[in-house]
Amino acid sequence: FDGSNIDKEGTYSLPCEECEHFQLCHGHSDAAFSRLLRGFRSFASRLEEMEEGLWLSFKRHMRFLKETGFVDHLDRLSQDGYWASKLRLDQPLLIAEAIRKGAFDGVSPERMAGGLAAFVWDRSQELELRVGDAFDLGELEEMFVKLLDSLERIREVKRKRGFETPPIPFWPSVAIFLWAKGMPWDHVLSLLPVDEGDMASLVMRTADHLRQVANLSDTHPQLARAAEEAIELIQREPVYFS
């Protein structure tokens, strides 16, 4: 089916419908061919609607990528779009934008791990931190504010274009930052109202994200080194990695 069998009124036809013996062979509405033909027409109509929907979705995504500079005016990946396409992770465009805007420039491996952890948690869950004044989180908070500022424009564009804009919570950053700093496992859990399984999942998924950033050694060598060091800091017992 290539659309060539659509008549001037927009309905679908088959070659045998033009045959002089059509009524003799398939004249009854309950004939097998008639039922098949009705099904074909219904399917072809749904298929056309699906194709139109997919095309509109593609154009909407392409327009967004052009507006944010990841695709150029010739519908090709820009330089930023090329390296960003290598990021196989959650919210890749937000993370790519943060990298592009320098939110992670010069940060320590511990802060790198904490910053990426904010993009890992995929549930709308606000948790109350029990850290208090016992730990100095100033350097992490400074980086987190810079991170949010770097994403303000692209998140606004996403909202305007009808794309989902999930929250970027701070508590996962605190959890992974303290873990990367060497805090004991039980101590980290005592500061955050999450169960052990959720915390282990957060560590493993953050490590996966760090590996993706570490793959950007050709375009972002300093960032990639910080990501590699961060992986070593969070890959420790009792969280086991395959």
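## Arginine 211 and its partner in H9

Arginine 211 has a relative accessibility of 29% and therefore counts as partly exposed, in a model that is predicted. The side chain of arginine 211 meets that of aspartate 208 in a salt bridge, with an N to O distance of 2.6 Å. Because the two residues lie 3 apart in helix H9, which spans residues 196–214, about one helical turn separates aspartate 208 from arginine 211. Aspartate 208 is itself partly exposed, at 42% relative accessibility.

Elsewhere, salt bridges with shared partners connect Asp80, Glu97, Arg100 and Lys101 into one network.

## Two salt bridges involving H6

By the rule used here, the salt bridges number 11, and two of those that involve helix H6 are described next. Within H6, the side chains of arginine 159 and glutamate 156 meet in a salt bridge at 3.1 Å, N to O. Here too the partners are 3 residues apart in the helix, so about one helical turn lies between arginine 159 and glutamate 156. With a relative accessibility of 42%, arginine 159 counts as partly exposed, and glutamate 156, at 32%, also counts as partly exposed.

The other salt bridge is formed by the side chains of lysine 181 and glutamate 139, at 3.4 Å from N to O. This pair links distant parts of the chain, with the two positions 42 residues apart: glutamate 139 belongs to helix H6 (residues 138–160), while lysine 181 sits in the loop between helix H7 (171–180) and helix H8 (185–191). The relative accessible area of lysine 181 is 47%, which means that lysine 181 falls between the limits of 20% for buried and 50% for exposed and is partly exposed. Glutamate 139, at 31% relative accessibility, likewise counts as partly exposed.

## Packing of H6 against H7

Helices H6 and H7 pack at an angle of about 135 degrees, and their axes are 11 Å apart. An angle of this value makes H6 oblique to H7, since the roughly antiparallel class is reserved for angles over 145 degrees and the roughly perpendicular class runs from 65 to 115. The crossing of the two helices, H6 and H7, is right-handed.

On the H6 side, Glu139, Leu140 and Phe144 meet Ser173, Val174 and Phe177 of H7. Sorted by class, the residues in the contact of H6 with H7 comprise 4 nonpolar, 1 polar and 1 charged. Glu139, one of the H6 residues in this contact, is also the residue whose side chain forms the salt bridge with lysine 181.

## A buried glutamine in a loop

Glutamine 91 is located in the loop between helix H3 (79–84) and helix H4 (92–100). Its relative accessible area is 19%, and because buried means under 20%, glutamine 91 is classed as buried. When residues up to four places away in sequence are not counted, glutamine 91 touches Phe119 and Pro166.

## The chain as a whole

The chain contains 10 helices and 0 strands, and the order of elements from the N terminus on is α-α-α-α-α-α-α-α-α-α. Of its 242 residues, 42% count as buried. Among the contacts between residues at least 6 apart in sequence, 70% join residues at least 24 apart.

Definitions and conventions. Residues numbered from 1 in each chain as written. Predicted model: local features only at pLDDT ≥ 70, side-chain atom pairs only at ≥ 80, totals over all residues. Heavy atoms only, no water. Salt bridge = Lys/Arg side-chain N within 4 Å of Asp/Glu carboxyl O. Helix = DSSP H or I, 4+ residues; strand = E, 2+ residues; numbered from the N terminus. Buried < 20%, exposed > 50% of the residue type's maximum accessible area, 1.4 Å probe, protein only. Axes fitted to C-alpha atoms, helices over the stretch in contact; angles between N-to-C directions. Parallel < 35°, antiparallel > 145°, perpendicular 65-115°, else oblique. Left-handed = near helix turned anticlockwise from the far one by under 90°. Contact = heavy atoms within 4.5 Å. Nonpolar A, V, L, I, M, F, W, Y, C, P; charged D, E, K, R; others polar.
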